[in-house]
Protein chains: 2
Amino acid sequence: MSQEFAGKGDPRKLIELMWGKSRAPRRGPKPKASLEDIVAAAISIADSEGIEAVSTRNVAEAVGISPMSFYTHVPSKAELHDLMLDQVTAESAARPDDWPTMNWRQRMTFIAEDAWHFYLRHPWIVQFQTHRPILGPNTMASYEVALSALEGLGLDEIEMDLSVTALHNYVLGAVRDAARAQTVLEATGMTDDEWWPSIEPFLADVDFSPYPLASHVGRVAGETYGLGDPERAFRFGLERFLDGMAMLIERKKQQHVT
Amino acid sequence: MSQEFAGKGDPRKLIELMWGKSRAPRRGPKPKASLEDIVAAAISIADSEGIEAVSTRNVAEAVGISPMSFYTHVPSKAELHDLMLDQVTAESAARPDDWPTMNWRQRMTFIAEDAWHFYLRHPWIVQFQTHRPILGPNTMASYEVALSALEGLGLDEIEMDLSVTALHNYVLGAVRDAARAQTVLEATGMTDDEWWPSIEPFLADVDFSPYPLASHVGRVAGETYGLGDPERAFRFGLERFLDGMAMLIERKKQQHVT
DNA sequence: TATAACTATTTACACTGTACATTGTTTTCA
DNA sequence: TGAAAACAATGTACAGTGTAAATAGTTATA
C-alpha cells in the first residue's frame, strides 16, 4: 500500500547518491547497471504502469540484474523514491526562453502551469510521501527558478520562500483530482462522467433535503461541467491566489516608497 | 506502494454501502461483525499505525473474523478506503456554534483550519487516492457546510463550487508536508531540524553557485524557521487566497449594484 | 600472488490481496 | 415439519511484495 519513511535508510547515503559523490570505486567488477539506469527505469515503469508496478524486482529486471542486486545500488525502496523524485524534477529546472520579458504574474502562472503538466505527466508523484525534504540538485534548481519569478519586487526572503511554497502547495493539491481522473481513465477507459449515469439511479431515492445548498449548487455545477472540472478549479484558485499576491506586492511597494 | 483504482469494485455496490441500503438481510446467520465495526477498526488502525498497517487480515482480526470473512462485508480493499474516507469526514460535517456571527472570511478560515487539523489527525488521508469521487453522506454534509460559508455574497453557483474546491485543494496541498513531518516524527522520534545537522557536513563541499537565489533565500529562511514551517506556509497562502476571494466578492457586489 | 573491495546472486521469510471451494447457520416457503 | 434458499464464515492456495543473510564471483591494489 504505502510508503515507508522508517528510520532505515541513512539520509547521508541518500545525499551522497543524489549529488553523485561516492562514485568511481577502485576495485571490484564493473557494475552491470548504473544508478542512473536504475532510477530511469523506475521512472519509466512508474510513468507507464503506475507506481504500484515499481517493485524492486521489476526495476532490477528492467536493468538486467537479479532482484537482490538492486540493493547493491540503492539502500532501500524509500531511497529509490527520493531519487526518482529529484531526477524527474530536472524537467522543471529550466527557465523558458521568454522569461526575461515576463512580469511576475506571468512567471508565477508559468510555474504553476508547468507544475500542473509536470504532475499530469508523472501522476505517481502526487501519491507518494517522502521521508525527508528532498535536497537534490534538480529540486534545488527548480526552487531557484521559482524564486527568480519574484525577484526585485520588494518581497523579503521569507515572503519569497513562503510565496513559492504556497504556490507549489496549491498546484499539488489542485492537480490531485486531475491526476486521479487521468489515471483511472487510463486504467479503465472510463471517464468520471461516463461512470456517473450508471450510479445515478441508485442515488435517485436518497433524501438530499439535509443538503439543500449542496444539491442545488451540485446540480448547476453538474450541468456545467459534469462531475467536476479539475483544470477549471485549478485556474480559478490560481487567479485568486495571484490576486492576493498582487495585493501583497502592491502593499510592499507602497511601504518602500514611504 | 499505492492504491488500486482498477475497474474492479462495482461503484454501485459502494454507493449502496455508503448510504446504508442493502441491509436487513432476511436469512443466514448473524454477522459477527458489522460494516461499521470494520470501517471503524480500519480507521483506528490507520490513525495509530499508519495506512500501511491497514491490511485485510489486520482489519479482519481487529473485528474478530477470519481473514477472508472481510470480503463478506466489503467487495475489496479499494472500497474499504472509500468507506473510511466518507466515515472519517463525519468529523467535518457540522458547523460550529458561533457560525451565524461569523463573516465569510472567518468562515472560510474556520473551514481551512478545521480541514488542516482534520488531516493532521488522520494523515493517512493525504496519501491515498480514491478511484471515483466519494459521494457519501458525510462528504456531502461537509460540502454543504463549506458552501454555506459563501451564501448570500452574490457569487453564482459555479463560483461557489470552485471557491470551495480551490480552498479545499489548497489545504490538501499545504498540509502534505506537515503530515509528513508529523508522521516521520512519530515513527522515528526525530524532527526535520534534528536530522539536518547530521547531513549538513555532507552538503558543505557542494557547489551552490548555480543556485544563488536559492542558497541566499534558503539560508535566511533556515535561520528563521529551520528546514521549513508548514503551518506558517499554510497561513501565508491562505491569506493570499482569501485576499483574492475578497477582490472577487467585492467585484461581484459592485456588478450587482450597477 | 594474495588480499581487500566491490558486485552479483541464491535462498529464505514474513507479509500482502484475493480467487475458489467448502462448511455452517438462519429464515422462508411448500 | 422439512427442504431449500440465502447468507456468513472459513481454509487453502497462489502470485506477488520488501529485504535479511550467506555466498560466490570479479577486479585493482599491496
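**Entry 1: the phosphates of DNA strand C**

I began at B:Thr56, where a backbone N or O atom lies 2.9 Å from a phosphate oxygen of DNA strand C. The model is a predicted one, in which local features need pLDDT of at least 70, side-chain atom pairs count only at pLDDT 80 or more, and totals for chains, interfaces and linings use all residues. Residues are numbered from 1 along each chain as its sequence is written, chains are lettered from A in the order in which they are written, and side-chain values use heavy atoms, with hydrogens and water left out.

I then turned to chain A. The side chain of A:His73 places an N or O atom 2.8 Å from a phosphate oxygen of DNA strand C. For A:Ser69, the side-chain N or O atom is 3.0 Å from a phosphate oxygen of that strand. I noted which elements give two or more residues to the surface near DNA strand C: helix H4 (70–73) of chain A and helix H3 (56–62) of chain B. Helices here are DSSP runs (H or I, at least four residues), numbered from the N terminus. H3(B) provides the largest share, three residues.

**Entry 2: the surroundings of DNA strand C**

I looked up the residues around DNA strand C, taking a residue as near if one of its heavy atoms lies within 4 Å of the strand. There are 29 of them, and A:Lys32, A:Ser66, A:Ser69, B:Arg26 and B:Arg57 come nearest. Of the strand atoms that come within 4 Å of the protein, 64% belong to sugar and phosphate. By class, I recorded 10 nonpolar, 10 polar and nine charged residues on this surface. In this scheme Ala, Val, Leu, Ile, Met, Phe, Trp, Tyr, Cys and Pro are nonpolar, Asp, Glu, Lys and Arg are charged, and the others, Gly among them, are polar.

**Entry 3: chain A against chain B**

I next examined the protein interface. In chain A, 92 residues are in contact (heavy atoms within 4.5 Å) with 92 residues of chain B. The buried area, which is the accessible area (1.4 Å probe) lost on putting the two parts together, summed over both, is about 8,500 Å², and carbon and sulfur atoms give 68% of it.

I found four salt bridges between the chains, each a side-chain nitrogen of Lys or Arg within 4 Å of a carboxyl oxygen of Asp or Glu. One that I looked up joins B:Arg132 to A:Asp192 at 3.3 Å, N to O. Among the helices of chain A that each supply at least two residues to the side touching chain B, I listed H1 (11–18), H8 (157–188) and H11 (230–257). H8(A) gives the most, with 20 residues. That side of chain A has 50 nonpolar, 22 polar and 20 charged residues.

Definitions and conventions:
Polar contact = N/O pair within 3.5 Å; in protein donor to acceptor, adjacent residues only side chain to side chain.
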